[in-house]
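Here is a guided walk through one protein model, meant to be read with the structure open beside you. Shall we start with the whole and work down to single residues?

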Amino acid sequence: MDMTRIRDHMVEHHVTRRGIRDRGVTEAMRTVPREKFVSPGCEEFAYEDTPLSIGEGQTISQPFIVALMLEKARLDAGDKVLEVGTGSGYTSALMSRIARRVYSIERHERLALQAKERFEKLGYHNIDVRVGDGSKGWPEAAPFDAIIVSASAPAVPSALKAQLDLGGRLVIPVGRSEQRLKRVTRTGAAAFEEEDLGGVLFVPLIGEDAWTAAHPMYTATAPPSPETSASGPGSPRNAEGEGMEKIQLPGGVLDHTAFQRRFWAIQRIAWIIFTLLLVACLLGLLGRGGPFSRQTIAFPEGAVDFPVLSRWKAPEIMTVNFAPSSEDRVFTIDAAFLQSFSIEGVDPPEKATFVRQGRIGYVFPGNPAGSTQIVFRLQTQLSGLCRTTIGIDAETRAQSTFIFP
């Protein structure tokens with residue numbers, strides 16, 4: 001499935017509209033397929049502006065936060081950069097499309113191997129991955145022009161500051177009770193400038209110069225008994241073969257047991273609904289005027305043939321039929337309707353138009369000899385659900401239409 005259009009939509013709506021202006025970052029986000037870096041079954045959610053679970057109690061950060069960190073790191077084409085906390089590999093992949101060389105450290109071997117495999121499949125050959133303590137950095141490859149840390153530390157690790165080149169930038173979430181995104185710039189041999197970029201929420205950075213594995217995210221909700229201290233071969237098992245020990249995870253991090261089972265069930269239902277809607281859409285598009293694509297809304301003084309399923313960036317029509325009358329007839333519609341549909345023409349043309357209380361009115365001359373048919377030629381502008389209120393004379397009706405991407 002080609003997700004280029006969805007990827008462009010993510011960059012437009014979740015990145016550039018929220019103030020990210022670095023062209024290198026936006027172009028990288030238009031190029032790197034984020035759906036390749038999420039867990040199987042989560043591809044449809046890859047371009048939502050939300051973190052997603054990737055296993056091992058880790059998450060792939062929401063696109064806007066990733067874009068913000070990359071922009072604040074001020075990456076250049078000749079830079080050598082380090083990412084601490086490879087995770088799924090998405091941020092490293094983005095950096096590899098901007099910088100000359102990327103070094104990436106992950107403490108979970110399974111995640112590191114998965115990320116390396118993704119890089120190889122996608123042809124991203126300027127990324128080196130290793131398993132290790134990210135709080136210690138990668139001294140053999142130092143100094144770095146930029147370092148991005150994708151996990152939160154209680155304080156800025158001194159080893160990472162020491163591995164910055166002169167003028168190098170370190171972007172890292174820091175905090176104990178409240179996390180703040182910091183940018184540390186090396187201005188001299190022992191001089192650093194620190195900036196606060198705002199509040200964030202990341203998983204903890206586990207390491208010698210950061211949090212220990214006893215961080216609350218990885219601590220059981222109650223002291224384990226000797227029989228259940230670990231989920232190994234001798235641990236008690238529940239009916240589904242999982243360890244009995246429960247892990248308390250903070251907000252924003254998905255639980256990998258009961259919650260995730262519910263998540264997969266909802267996802268399957270969503271796929272079924274999506275498939276049914278897609279079939280209905282295709283039937284409607286292939287047979288213009290078919291039972292799935294349009295709806296006739298009746299009024300005392302006429303009727304409106306309204307599209308209920310449409311395709312993005314495709315032409316549409318809306319037909320208004322006025323009953324015989326010697327007086328002028330008025331058709332009204334919400335002005336917000338034009339955000340989803342632009343009106344390319346009206347046949348025959350309206351006698352006059354007006355705007356009142358957020359609604360557009362089109363005035364047409366009456367015809368006492370018979371009914372009058374007005375055709376609005378439309379062009380779909382945005383995908384998604386569109387709700388509007390339409391009316392003939394004083395009567396109005398609420399109507400919805402869905403524009404498929």
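The paragraphs below go from the overall make-up to the cores, then to one helix, the salt bridges and a few backbone details.

Please keep in mind that this is a predicted model. The protein has eight helices and 20 strands, and 47% of its 405 residues are buried. Among contacts with a separation of 6 or more, 59% are between residues 24 or more positions apart. On the outside, the protein exposes about 19900 Å², of which carbon and sulfur atoms supply 54%.

Now let us look inside. The largest nonpolar core has 47 residues, and those with the most contacts inside it are M29, F37, L70, L75, Y90, L94 and F119. Several elements give two or more residues to this core, including the helices α1 (4-15), α2 (23-31), α3 (63-73), α4 (90-96) and α5 (109-122), along with the strands β1 (52-55), β5 (127-131) and β6 (144-149). The largest share, eight residues, comes from α3. L70 is a good residue to click on here: leaving out residues up to four places away in sequence, L70 touches V25, L75, T91, L94, M95 and I148. Apart from this core lies another, of 23 residues, which includes V320, I374, F376 and L378.

Helix α1 is worth a closer look. The helix has 12 residues and reaches 15 Å from its first C-alpha to its last, close to the 16 Å expected at 1.5 Å a residue. Its buried residues include R7, M10, V11 and V15. Seen down the axis of α1, the buried residues fall within an arc of 95°, so they line one face of the helix. A general point helps here: an α-helix has 3.6 residues a turn, so residues three or four places apart point the same way. What covers the buried residues of α1? The cover includes α2, α3 and α4.

Helix α1 also takes part in a salt bridge, one of the 25 found in a search of the whole structure. The side chains of R30 and D8 meet at 3.3 Å, N to O. This pair links distant parts of the chain, with R30 in helix α2 and D8 in helix α1, 22 residues apart. R30 is partly exposed, with a relative accessible area of 28%, and D8 is partly exposed too, at 29%.

Further along the chain, salt bridges connect strands. R294 forms one with D305, where the closest N and O atoms are 2.8 Å apart. R294 sits in strand β10 (residues 294-299) and D305 in strand β11 (residues 302-307), 11 residues apart. Are these two partners buried or exposed? R294 is buried, with a relative accessible area of 15%, whereas D305 counts as partly exposed at 22%.

The side chains of D334 and R359 meet in another salt bridge, at 3.4 Å, N to O. D334 lies in strand β14 (residues 329-334) and R359 in strand β17 (residues 359-364), so the pair ties together parts that are 25 residues apart in sequence. D334 is buried, with a relative accessible area of 19%, and R359 is buried with a value of 19%. Elsewhere, salt bridges that share partners join E178, R180, K182, E194 and D196 into one network.

Strand β16 (residues 352-356) holds T353, which counts as partly exposed at 45% relative accessibility. Leaving aside neighbours within four places in sequence, T353 is in contact with G361 and Y362. T353 and T332 are 21 residues apart in sequence, and their C-alpha atoms are 9.5 Å apart in space.

Finally, a few backbone details. Most residues other than glycine have a negative phi, and most peptide bonds are trans. A cis peptide bond joins A142 and P143, with omega about 5°, and P143 is found in the loop between β5 and β6. Another cis peptide bond joins D347 and P348, with omega about -10°; P348 is in the loop between β15 (341-347) and β16. Turning to phi, R74 has a positive value near 50° and is found in the loop between α3 and β3 (80-84). D393 has a positive phi of about 55° although it is not a glycine, and D393 is in the loop between β19 (384-392) and β20 (395-404). R74 is partly exposed, with a relative accessible area of 38%, and D393 counts as partly exposed at 30%.

Note on methods
Residues numbered from 1 in each chain as written. Predicted model: local features only at pLDDT ≥ 70, side-chain atom pairs only at ≥ 80, totals over all residues. Heavy atoms only, no water. Helix = DSSP H or I, 4+ residues; strand = E, 2+ residues; numbered from the N terminus. Buried < 20%, exposed > 50% of the residue type's maximum accessible area, 1.4 Å probe, protein only. Contact = heavy atoms within 4.5 Å. Areas by Shrake-Rupley, 256 points an atom, 1.4 Å probe, with all protein chains shown as cover. Core = buried A, V, L, I, M, F, W, Y, C linked by side-chain atoms within 4.5 Å. Expected span 1.5 Å × (residues − 1). Arc of directions from axis to C-beta. Salt bridge = Lys/Arg side-chain N within 4 Å of Asp/Glu carboxyl O.
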